[in-house]
There are 2 protein chains.
Amino acid sequence: MTAPKRLRVGVAGLGVVGGGLLDLAARKDGQLAQAIEIVGVSARSRSRARSVDISGLPWFDSPSDLAALEGLDVLVELMGGSDGPAKHAVETALRRGVAVVTANKALLAEHGAELATLAEQNRAALRYEAAVAGGVPVIKVLREGLSANQVTAVAGVLNGTCNYILTRMEASGASFGDVLADAQRLGYAEADPTFDVGGFDAGHKLSILAALCFGGAPSFRAVRIEGISALEPVDIAAARDLGRRIKLVGRARLVDDRLEQVVRPELLARDHPLAGLEGALNAVMIDAAPVGRLTLVGPGAGAGPTASAVAADLIDLAHGGVRPVFASAHSRFVSRPVADEGGQGRFYVRLRVKDRPGVIAAVSDVLAHHGVSIETFSQKAVEDASRVPIVLTTQAVAEKELRTALAEIAGLEAVVELPCLIKIDA
Amino acid sequence: MTAPKRLRVGVAGLGVVGGGLLDLAARKDGQLAQAIEIVGVSARSRSRARSVDISGLPWFDSPSDLAALEGLDVLVELMGGSDGPAKHAVETALRRGVAVVTANKALLAEHGAELATLAEQNRAALRYEAAVAGGVPVIKVLREGLSANQVTAVAGVLNGTCNYILTRMEASGASFGDVLADAQRLGYAEADPTFDVGGFDAGHKLSILAALCFGGAPSFRAVRIEGISALEPVDIAAARDLGRRIKLVGRARLVDDRLEQVVRPELLARDHPLAGLEGALNAVMIDAAPVGRLTLVGPGAGAGPTASAVAADLIDLAHGGVRPVFASAHSRFVSRPVADEGGQGRFYVRLRVKDRPGVIAAVSDVLAHHGVSIETFSQKAVEDASRVPIVLTTQAVAEKELRTALAEIAGLEAVVELPCLIKIDA
């Protein structure tokens, strides 16, 4: 396939995500480096200590000046904030027909309609995979993967800080306030946590999902929002007694052609697709026809996941429509040798033996001889003394060695069936 | 944005998936109908009873003749089989530069390298979202959503028939043979089940995922495959005793730059992302840097899910690169009224009361007066008799009515705190 056009990109905002993006772009063999060239950066402070070296990149004090740079193809906006310089820079770019890639959910949730209009009027792309659920490519799945579907409902755990706090409250029994203070110390929560724990961040994201699912622009003002700060240990314990877990869930659906958008704590049944979510993960559950129900789970924030989403948007822009059939053009296919069988692992072994003295010792001897350590061992209730099932699990062992041992065991006179071996996931 | 080009599409294969696709294309307001026009169909029998009416569509006895149709933009291949007419039709189309969309994993797994070469030489797209995990858009996520990532490992439950059988064995305690016979009666398993229960179908899919994750073409011959037919109820029970579940898992990763591809039963810990999968669902877990771990879950087969994936490929081809910012161009934004608050639901209520006679009766009276039925009720251990927590759950009730009742309860002299209300997921 034709090589993608290398896009001239300006990055406005060099915090955690901006740094992650510059890191990715610096990997010379990566798809991002092949797709883009960074022609300018802008941030609040030029001199602030950063993990990435920006000394070789043209500096702009004003993000809007960067957006106005001659020859710019894409402005990446990672400043945040629904108004002020972020909005001004994005508008400057779009007005010029320069594409925008942003991670700014507040901006889209509050001003989505006018920005979409501006983008379309100027035939500029406006992409925002990183704005919802971080590294989970839910925008792409909704816009492209499910393009032939009618979404009937979307629900998600969209704020990692809240999920982290709820998970910690469950594990520790501590109060919301204590867990929040811990989370702030560990960097999982902001100094001013209202935006997260009040449910507003989840509301922004939900309004963007709802726009994609049900048409129209995001309508954040219409989201009913309730946060998690009123939850107490007694509620967490009561949920457990009910066989449930409390999660902050955002849901959107149409009710008689009216749009319902709600963010609130819910008691989810343990087998609910969103209930198993631990720590700072995000998840989105989509009900659509004809596909049915999809659930996507992954990291909702952080430098790596968010940069991954921003980079995917950039690479998409560079490719336009056509991509190789597999990971690369066939001229660059890698022909890899096949890995050796097995390797280390823990295993489950079931065998059937005649119920007579000495059999277990004989089996154990063979295993020990091959250096296989047994972790658990049990003989099952005997239905038929000529075929007694024995079930054991091993400690970590080379599969090859274990298979050799089992071949030997299969040859013992008291063993009446080829042993069945199943890998235990690490 | 510019309207997409309407593609002239031929559909070869009119089984369950072909029928589902024709159904979708017949919805005049849907994105698929706007994206494509069906200009010909082909199948083994013209006269066979079908749920869709094909009398108005040009018929081709030979799928390769359809592939050779003048003016054709895309051949959709839904016949199946790694060789024979499916391969011939696909090659005919690609040689002419006609795009191909296929759900045929066997074809890609066995002949991926030569088909990719043919596609690229003739600048024809070859797309196959439906070939892996049915309605789950994992091909798109890997190719586009994670384009800036290095995948380190991919693992999946890729065969719905096997997962259905294992789930039923767990639930019923029945033998593999009995559950398989049931599954065949219900249409969850083929008359000849070898392809599914032997792990070969999962192997085909794994080899396609591995090609996308690690470069190169699919190398199905190098997949180590073990099926589920040796599993017995004693294994299912032993897994449960170990706090685990048995799943047929396909895994691919690089081991010292060698490619390891294995399909085999594994004992997964209950909190493993693939362990919770019930029935005929599929799931794919991707470990990649910098994004971290993503898990995608959804229906792996069936008319609707598979047609959804085929249709997404077609709509992508029609759109080329540019899409509206949200679900539709801004001129077609739908402005929807906001739904009424609440609606019906079950709720959890926590309140704190003074520990004195008659309080519970007073609370219950107010609820009863508003038609709220209590499902569970418990008074928690008393730390402080002036603030006793009471936790109750309601049966289905209008939230508005419940909130009115709670406002009244909050006014009772013995109630010392505003009640906390949490929705219980249905």
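This report walks through the contact between two chains and then one sheet in a predicted model.

## Where the two chains meet

Let's begin with the meeting of chain A and chain B. Chain A brings 116 residues to the contact, and chain B brings 116 residues as well. Together the two chains bury about 9,600 Å², and carbon and sulfur atoms account for 56% of that area.

Charged side chains take part too. Between chain A and chain B there are 16 salt bridges. If you would like one to look up, try B:Asp235 and A:Arg350, whose side chains form a salt bridge with 2.5 Å from N to O. The interface of chain A and chain B also holds 28 residue pairs in polar contact, counting pairs with both residues at pLDDT 80 or more.

## What chain A contributes

Which element gives the most to the side of chain A that touches chain B? Strand β10 of chain A, residues 258–269, does, with nine residues. Taken as a whole, the side of chain A that touches chain B is made up of 61 nonpolar, 23 polar and 32 charged residues.

Strand β10 of chain A also has a strand partner in the other chain. Two bridges connect β10(A) with strand β17 of chain B, residues 420–424, and these strands run parallel. To find the spot in the structure, look for A:Leu267, which lies opposite B:Ile424 in β17(B).

## How the copies are related

What turn lays chain A on chain B? A turn of 180° does so, with a shift of 0.0 Å along the axis and an RMSD of 0.0 Å. The two chains are therefore related by a two-fold axis. Both copies use the same surface for their contact, as 100% of the contact residues of chain A recur in chain B.

## A sheet in chain B

Now for a look inside one chain. In general, the strands of a sheet pair through backbone hydrogen bonds, in either a parallel or an antiparallel way. Chain B has an open sheet of six strands, with parallel pairing and the order β3-β2-β1-β4-β5-β6. Its edge strands are β3 (59–60) and β6 (126–127) of chain B, each of which pairs on one side only.

The β3 edge is a good place to follow the pairing residue by residue. Strand β2 of chain B, residues 36–42, is joined to β3(B) by two bridges, and the two run parallel. Here B:Ser42 sits opposite B:Phe60, a residue of β3(B).

Conventions. Residues are numbered from 1 along each chain as its sequence is written. Chains are lettered from A and ligands numbered from 1 in the order in which they are written. This is a predicted model: local features need pLDDT of at least 70, side-chain atom pairs count only at pLDDT 80 or more; totals for chains, interfaces and linings use all residues. Side-chain values use heavy atoms; hydrogens and water are left out. Contact means heavy atoms within 4.5 Å. Buried area is the accessible area (1.4 Å probe) that two parts lose on being put together, summed over both. A salt bridge is a side-chain nitrogen of Lys or Arg within 4 Å of a carboxyl oxygen of Asp or Glu. A polar contact is a pair of N or O atoms within 3.5 Å; within protein, one must be able to donate a hydrogen and the other to accept it, and residues adjacent in sequence count only if both atoms are side-chain atoms. Helices (H or I, at least four residues) and strands (E, at least two) are DSSP runs, numbered from the N terminus. Ala, Val, Leu, Ile, Met, Phe, Trp, Tyr, Cys and Pro count as nonpolar, Asp, Glu, Lys and Arg as charged, and the others, Gly among them, as polar. Two strands pair if DSSP finds at least two bridges between them. Copies are superposed by least squares on the C-alpha atoms of residues with pLDDT of at least 70 in both.
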